[in-house]
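This report describes the nonpolar cores and selected backbone features of a predicted model. The sequence and structure are shown first.

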Amino acid sequence: MSEAEVVLRLAAFILSLTGSGAMASVAINGARIKAGDLLVFDIGRFMAGTGWEQTKKPQVGRNAWTGTYSRGDKTIRVHSRPGEGNVVATIDNRRIVAQCTKGPLARKPGRAEHSLLTTALGEALLFDIGGDDIVVAAVPDAPVFRMLAETWRRRPLVRRAGIRIALVARDGAVSGLAL
């Protein structure tokens, strides 16, 4: 599952919760959706396929895949500014800041999931947050990520840092993010 898909599914999930704000800000690195001239993940097609309509086109000179998407009274604003978290949204007047990563949905040789989740947790530790903010490291819901999440959620420093490890499924379900 691509990082962009994890990001967009997490944002949509948060906005679907009771008490969520009206808007989620989503940061996607262009290198994550294109490889040279090849489009790896079509944000516009994905958003349309999940019921989101592009209501504001990107500004002139901006990436074509940025802009504002709406579904009902909720909005996802897609941009490419670094440093603020992949997903920033509110629920019950608390800010959620999430660092997301890609990952394989089926087991493969090697330790890609270990490295990817480690990186997401490390980046989440560096967010400039307030006392009531909820910090999340989000990964695809796959067997190896699930096993790592279950184990690492109990680690003393992860618990002390208060970082939640969320698993994002292809059907839009999210686990590990009890709010």
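## Loop between S7 and S8

Asp92 counts as exposed because its relative accessibility is 52%, where the cut-off for exposed is over 50%. This residue lies in the loop that joins S7 and S8. Its phi is near 50 degrees, which is a positive value in a residue other than glycine.

Asn93 is likewise placed in the loop between S7 and S8. Although Asn93 is not a glycine, its phi is positive, at about 65 degrees. With a relative accessibility of 79%, Asn93 counts as exposed.

## Largest nonpolar core

The largest nonpolar core of the model comprises 37 residues. Within this core, the residues with the most contacts are Leu8, Leu10, Ile28, Ile43 and Ile76. At least two core residues are supplied by each of helices H1 (3-16) and H2 (43-49), and likewise by each of strands S1 (23-27), S6 (74-79), S7 (87-91), S8 (94-100), S9 (134-140) and S10 (163-168). Helix H1 gives the most to this core, with ten residues. In soluble globular proteins, nonpolar side chains tend to be buried together.

## Surroundings of Ile76

When neighbours within four places in sequence are left aside, Ile76 is in contact with Leu8, Ala11, Ala12 and Leu15, among others. Its further contacts include Ala24, Val26, Met47 and Trp52, as well as Gly67, Thr68 and Tyr69.

## Second core

A second nonpolar core, separate from the largest one, has 21 residues. Among them are Leu121, Val135, Ala142 and Val158.

Technical notes:
Residues are numbered from 1 along each chain as its sequence is written. This is a predicted model: local features need pLDDT of at least 70, side-chain atom pairs count only at pLDDT 80 or more; totals for chains, interfaces and linings use all residues. Side-chain values use heavy atoms; hydrogens and water are left out. A nonpolar core is a set of buried Ala, Val, Leu, Ile, Met, Phe, Trp, Tyr and Cys residues joined through side-chain atoms within 4.5 Å. Buried means under 20% relative accessible area, exposed over 50%, partly exposed in between (1.4 Å probe, protein chains only). Helices (H or I, at least four residues) and strands (E, at least two) are DSSP runs, numbered from the N terminus. Contact means heavy atoms within 4.5 Å.
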